[in-house]
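Dear colleague,

Please find below the sequence and structure that I am handing over to you. My notes on what was found follow directly after.

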Amino acid sequence: MAPTPQCTDDDEPTLAQTEGPYYTPDSPERTSLLEPAMPGARLTLTGRVLSTGCEPVARALIDFWQCDDVGAYDNTGFRLRGHQYSAPDGGYSLETIVPGLYPGRTRHIHVKVQAPNRPVLTTQLYFPDEPRNASDRIYRPELLVELLDGPGSKGARFDFVLDRG
Ligand SMILES: [Fe+2]
């Protein structure tokens, strides 16, 4: 099982997935989606943006959106929506909450990733050991984050691999 591509793998591009109905363009630029008193388990998602040749992709636009702790999307504002740019080493870090569940889907985070002057990759990230993964028709194991649980914190890691084309 190797859900997270590493440089020693065959560097398959990250799978594209449906955007779904709840994307809102022009999210704010921020690395934390947390707000005071926001319910939900804190989650830190980190990783890198790489090319299929395993080179870091700097200044990639990474736009995250997700539902809240009870499975609701904010479709009028930008709660739990935000974009950032990858660092020179391709790295990114997002502070957020573990998304809730809503009917018909397993737990997931939506994301768009775009290297400068390249096409947009739209996909979704999933969580291991979720009961609904098996019944969600969009779910793909290649898009599982790696959980990095430590004392008092929940961490997750996912590296995006963009096709150089
Ligand atoms: Fe969704």
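By class, eight nonpolar, two polar and three charged residues make up the lining of the second largest pocket. Please bear in mind that the model is a predicted one. The volume of this second largest pocket is about 200 Å³. Its lining comprises 13 residues, and those closest to the pocket centre are Arg118, Pro119, Leu162, Asp163 and Arg164.

Turning to the interior, the largest nonpolar core contains 30 residues. Within this core, the residues with the most contacts are Leu45, Val49, Phe64, Val113, Phe158 and Phe160. At least two core residues come from each of strand 1 (42-51), strand 2 (61-65), strand 4 (91-97), strand 5, strand 6 (121-126) and strand 9 (160-162). For Phe160, once residues up to four places away in sequence are set aside, the residues touched are Thr14, Arg48, Val49, Leu50, Tyr92, Val111, Val113, Thr123 and Leu125.

His108 deserves a separate paragraph. This residue belongs to strand 5, which spans residues 108-114. Is His108 buried or exposed? His108 counts as buried because its relative accessibility is 1%, and the cut-off for that class is under 20%. The His108 side chain makes polar contacts with two other side chains: that of Tyr73, at 3.1 Å, and that of His110, at 3.0 Å. Beyond its neighbours within four places in sequence, His108 is in contact with Tyr73, Pro99, Tyr102, Gln124, Leu125, Tyr126 and Phe127. Tyr73 therefore appears both as a polar partner of the His108 side chain and in this list of contacts, while the buried state of His108 rests on the 1% value.

Two further positions may be of interest to you. Asp129 lies in the loop that runs between strand 6 and strand 7 (146-147). Asp129 counts as exposed because its relative accessibility is 77%, where the class requires over 50%. Along the chain, Asp129 and Leu144 are 15 residues apart, and their C-alpha atoms are separated by 9.8 Å.

Leu34 is located in the segment before strand 1. With a relative accessibility of 28%, Leu34 counts as partly exposed. Apart from neighbours within four places in sequence, Leu34 is in contact with Arg42, Glu95, Thr96 and Ile97. Leu34 and Arg79 are 45 residues apart in sequence, with a C-alpha to C-alpha distance of 8.7 Å.

With kind regards

Definitions and conventions. Residues are numbered from 1 along each chain as its sequence is written. This is a predicted model: local features need pLDDT of at least 70, side-chain atom pairs count only at pLDDT 80 or more; totals for chains, interfaces and linings use all residues. Side-chain values use heavy atoms; hydrogens and water are left out. On a 1 Å grid over the protein atoms alone, a cavity is a set of points where a 1.4 Å probe fits but cannot get out, and a pocket is an open set with protein on both sides within 12 Å along at least five of seven lines; lining residues have an atom within 4 Å of a point. Grid points are joined across faces, edges and corners, and a volume is the space filled by probe spheres set on the points. Ala, Val, Leu, Ile, Met, Phe, Trp, Tyr, Cys and Pro count as nonpolar, Asp, Glu, Lys and Arg as charged, and the others, Gly among them, as polar. Helices (H or I, at least four residues) and strands (E, at least two) are DSSP runs, numbered from the N terminus. Buried means under 20% relative accessible area, exposed over 50%, partly exposed in between (1.4 Å probe, protein chains only). A polar contact is a pair of N or O atoms within 3.5 Å; within protein, one must be able to donate a hydrogen and the other to accept it, and residues adjacent in sequence count only if both atoms are side-chain atoms. Contact means heavy atoms within 4.5 Å. A nonpolar core is a set of buried Ala, Val, Leu, Ile, Met, Phe, Trp, Tyr and Cys residues joined through side-chain atoms within 4.5 Å.
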